[in-house]
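Visitor: I should like to learn how to read a protein model, from the overall fold down to single residues. Where should we begin?

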Amino acid sequence: MEYHRITNIEDPYFKQMHQLMQQVFPPEEVLEFNFWKEPLEDTGIRVFVAVKNSKVVGATEYRYYEDFNVAMTDFTIIGKDGLGVGTFLAQKRLADLNTLASANGKRLHGIFAEIYDPYKVEQYEFGGIKSMNPYVRREVLSHLGYKRLDFPYVHPSWKNDGEAVSGLDLCFLLIDQREEKLNSNLIIQFLRRYYSVLSNKPKHWKEMIKNLEKEKSIALLPI
């Protein structure tokens with residue numbers, strides 16, 4: 001498999017990747033095709049696809065924040081079961097992030113990720129791909145070392161329509177597994193930066209941020 005970075009909307013692999021996203025994710029989670037132009041050209045956003053025999057069989061998007069020394073996995077897509085796509089993407093992504101952190105003179109602190117709560121989103125088919133089932137994905141993330149941040153989580157819809165998207169947990173992979181909590185200020189700063197592109201923040205999201213501001217740290221719990 002090839003780990004191919006997409007930096008332009010004209011990349012032929014991007015069309016395949018976007019179609020795969022539409023098959024796997026609910027509509028409110030998928031940015032429209034033309035809106036991808038600027039994100040793909042942003043050097044801080046890293047979009048890679050797993051390519052086998054000229055076909056996109058998986059994809060991942062993530063970014064590294066130098067000032068926070070944390071990363072965010074925007075999404076991971078396994079387009080076909082039985083090829084080891086998930087392992088391939090996870091290993092390649094972590095190696096890339098470690099390289100970025102090292103160039104920043106630091107050891108990566110950790111990685112944020114959103115994960116569906118299977119008890120709330122069972123209606124989603126995720127393209128019929130078993131590896132994308134929320135139960136499977138949560139178990140995989142747990143084995144990788146991710147833990148759930150202990151607060152009710154919502155995020156603004158990527159449609160920028162002011163709606164709050166629920167049914168997910170915000171998780172974090174600590175590179176140093178000895179810590180059991182995460183500084184709430186880091187979470188707040190990260191979320192504000194991450195969703196700064198969306199101008200229409202929902203009321204529930206703003207209330208979530210206010211509640212986080214009242215806490216010094218947030219516990220990391222098993223997924």
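Guide: Let us begin with the surface, keeping in mind that this is a predicted model. The protein chain has an accessible surface of about 11600 Å², and carbon and sulfur atoms account for 47% of that area.

Visitor: How many helices and strands does the protein chain have?

Guide: There are six helices and eleven strands. The radius of gyration is 17 Å, close to the 17 Å expected from the globule rule for 223 residues, so the protein chain is as compact as a globular protein of that length. The C-alpha trace spans about 50 × 40 × 35 Å along its principal axes.

Visitor: What percentage of the residues count as buried, and what do the contacts in the protein chain join?

Guide: Of the 223 residues, 49% count as buried. Taking contacts between residues at least 6 apart in sequence, 68% join residues at least 24 apart.

Visitor: How far apart are the mean positions of the positive and negative charges?

Guide: The protein chain carries 29 positive and 30 negative charges, and their mean positions lie 3 Å apart.

Visitor: How should one read burial along a helix?

Guide: An α-helix has 3.6 residues a turn, so residues three or four places apart point the same way. In helix 4, residues 134–144, the buried residues are Pro134, Arg137, Arg138 and Leu141. They cover an arc of only 100° around the axis, which places them on the same side of helix 4.

Visitor: What covers the buried residues of helix 4?

Guide: The cover includes strand 4 (70–78), strand 5 (110–116), strand 6 (146–149) and strand 9 (168–174).

Visitor: Is valine 140, in helix 4, buried or partly exposed?

Guide: Valine 140 has 43% relative accessibility and therefore counts as partly exposed. Its C-alpha lies 26 Å from that of alanine 164, the two residues being 24 apart in sequence.

Visitor: Which residue just after helix 4 takes a positive phi?

Guide: Glycine 145 does, with a phi of about 110°.

Visitor: Where do residues other than glycine show a positive phi?

Guide: Two cases may be examined here. Serine 54 has a positive phi, near 70°, and sits in the loop between strand 2 (45–52) and strand 3 (55–65). Asparagine 160 has a positive phi of about 60° and belongs to the loop between strand 7 (155–156) and strand 8 (164–165). With a relative accessible area of 29%, asparagine 160 is partly exposed.

Definitions and conventions:
Residues numbered from 1 in each chain as written. Predicted model: local features only at pLDDT ≥ 70, side-chain atom pairs only at ≥ 80, totals over all residues. Heavy atoms only, no water. Helix = DSSP H or I, 4+ residues; strand = E, 2+ residues; numbered from the N terminus. Rg over C-alpha atoms; globule rule 2.2 N^0.38 Å. Buried < 20%, exposed > 50% of the residue type's maximum accessible area, 1.4 Å probe, protein only. Contact = heavy atoms within 4.5 Å. Areas by Shrake-Rupley, 256 points an atom, 1.4 Å probe, with all protein chains shown as cover. Lys, Arg positive; Asp, Glu negative; His and termini not counted. Charge placed at Lys NZ, Arg CZ, Asp CG, Glu CD. Arc of directions from axis to C-beta.
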